Amino acid sequence: MISRFSRPLQALRSGSAGKQKSTIAAVHAAVAPFEGAKCVAASLMNMGKQIHVAFSDGSAFQLHGLWLRDACRDAMVVSQQAGERYLDKIAFSPEGHHSRGEVQEARVCEDGLEVTWKRDPQIGDAPSHFSSGFLRMYAPIAGKALGGQRHHPRNEDFRWLRGYSGFSNAPAPDASMKALWKNQVGVNPFEHRDYHAVRHSDSANLEMMQAVMEHGVVILDNVPHSEDSSILLDFVDNCLGGMQKDPARDEPNWVIKRKAGAVSVSYAQQTRLNNHTDQSVPAHGIPALLLVINYVEGSGVNTLVDGYAVAEALRERDPKAFDLLASYGNCQERDFVKSRVDSSQMGTQSMLLATRSPIIQTDEQGNLIRVQFNEVFRTPSTVPYDTFESWYDAYLLWNEMIHDKEFEVEVPMSAGQMLVLDNWRVLHGRAGKKSSPNRMIMGGTVVREAFHSKAVQLMGGFYPPEEAAFGRFQQGEASG
Ligand SMILES: [Fe+2]
């Protein structure tokens, strides 16, 4: 299947694509500039309080001098080793001798702009340097557009990642970049990738991450055998940003293998496990973004459901039920010691987490962010008396839909395969009586921040989203 994400890969080819992975992943500065149009002209405005900059692509912008002075990332003001500002170089002094960022001179140089400042007690007459790429990336966001194409061409490349920045009021994941699926006879909706290709190529790694977010599921084939979690942890740490660690167990990963007389359904491998999203430790109430399951031994059949497809179908067929599930919380509680009673791993301390998040979570515009549901951990509802009966009908309908053959897809899995899925979107379960007696799986979760961090590294740097893309500010502008 052709990915919808061709631009990041094109961009990578001119950068780090195709290279073998280094043992330590390159860390890019938070404001790493991307190549782009050259700065071709600059002039002072308003006695140097602002400057006008023009680029070779015909775009032009007005920038505050104070913004430039503050935004500078030169080695003179930011430690390149520590990635921190030098506190004695910021435009602030306790004595009140603040630089106002007024520009003395702005001169176009070979790659960008060289700026000197009027009355700057912290850096004096030393020039500040701004590369063309840096200016062209930030000017549409922090400056006033005066003409030409507004955004840097790389802006569009980051659209797939915007919903996962963790920024306050970040938009929901872009629905137009999601390929929803159902259970269709003769159609296998799941993407497959070769483990070795992904593990040893940055471009294949990025493409796999984008495929997970587009399709919800990627199955890795040809995963090497290991007796322990080393292959799983190596893959998740190197290709997905690192596995989530919870405080109740020494190892970041879980292990599920056959146990006679298991009382927890997770470990009773011949028993049907209902479709659910994993709760792990929902940091600040937000469940992990990815779930990774490595089939270490044996085989089994997982059930997978596209929660976005179910939610959109519910919105269309029964809007009231959708609204109820998106408005009221669903009470769940997980005892991290009890729920691992059948585990071969030792718990290290007790932990009890209660959540009350809606089963369907949307942004202010009603766009889907995630689904969150795990029947085994559900606790007494706190939906108000007057609403409870209709909420319960909606919950039953949801439960029916996520187990209906219209949406539930069975996927046979066996040793040498690894399942990577979007835990905000895809519910997973286990078909009954289809696991081999020796089935052993290991897995764990990846939090949004780890995924985003890895993606940014592979994309070559962080591209700042504009404030107006964030709901609250957009609404403020519209009403103001
Ligand atoms: Fe699970």
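**Figure 1. Which residues does UniProt assign to the feature "domain: Gamma-butyrobetaine hydroxylase-like N-terminal"?** The unreviewed UniProt entry puts this domain at residues 47–91; UniProt positions follow the numbering used here, feature names are shortened, and annotations may be inferred rather than shown by experiment. Keep in mind that this is a predicted model, where local features need pLDDT of at least 70, side-chain atom pairs count only at pLDDT 80 or more, and totals for chains, interfaces and linings use all residues. Residues are numbered from 1 along each chain as its sequence is written, and side-chain values use heavy atoms, with hydrogens and water left out. Across residues 47–91, 16% of the chain is helix and 33% is strand. Helices (H or I, at least four residues) and strands (E, at least two) are DSSP runs, numbered from the N terminus. The C-alpha atoms at the two ends of this span sit 19 Å apart.

**Figure 2. The span annotated as TauD/TfdA-like.** According to UniProt (unreviewed entry), "domain: TauD/TfdA-like" covers residues 193–443. Here the chain is 27% helix and 28% strand, with 18 Å between the end C-alpha atoms.

**Figure 3. Helix H5 meets helix H6.** Take H5 (residues 202–215) and H6 (residues 230–239): their axes come within 11 Å and cross at roughly 90 degrees. The axes are lines fitted to C-alpha atoms, for helices over the stretch in contact, and angles run from 0 to 180 degrees between N-to-C directions. That makes the two helices, H5 and H6, roughly perpendicular; the labels are roughly parallel for angles under 35 degrees, roughly antiparallel over 145, roughly perpendicular from 65 to 115, and oblique for the rest. H5 brings Asn205, Met208 and Met209 to the contact, and H6 brings Phe235, Asn238 and Cys239, where contact means heavy atoms within 4.5 Å. Sort these residues and you get 4 nonpolar, 2 polar and no charged. Nonpolar here means Ala, Val, Leu, Ile, Met, Phe, Trp, Tyr, Cys and Pro; charged means Asp, Glu, Lys and Arg; the others, Gly among them, are polar.

**Figure 4. Helix H7 against helix H8.** The axes of H7 (residues 307–317) and H8 (residues 319–327) come within 5 Å, crossing at roughly 130 degrees, so H7 and H8 are oblique to each other. On the H7 side you'll find Ala311, Leu314, Arg315, Glu316 and Arg317; on the H8 side, Pro319, Ala321, Phe322 and Leu325. This contact has 6 nonpolar residues, no polar and 3 charged.

**Figure 5. A salt bridge between Glu102 and Arg119.** Side chains of opposite charge can pair when their charged atoms come close. A salt bridge is a side-chain nitrogen of Lys or Arg within 4 Å of a carboxyl oxygen of Asp or Glu, and the count comes to 23 by that rule. In this one, N and O are 2.9 Å apart. Glu102 sits in the loop between strands S5 (84–85) and S6 (103–109), and Arg119, 17 residues away, in the loop between S7 (112–117) and S8 (128–130). Glu102 is buried at 15% relative accessible area, while Arg119 is exposed at 63%; buried means under 20%, exposed over 50%, and partly exposed in between (1.4 Å probe, protein chains only).

**Figure 6. More salt bridges to look at.** Arg107 pairs with Glu114, with 3.1 Å between the closest N and O atoms. Arg107 is partly exposed at 40%, and Glu114 is partly exposed at 27%. Glu375 and Arg378 also meet in a salt bridge (3.1 Å, N to O). Glu375 is partly exposed at 24%, as is Arg378 at 22%. Finally, a network of salt bridges links Glu156, Arg159 and Asp174.
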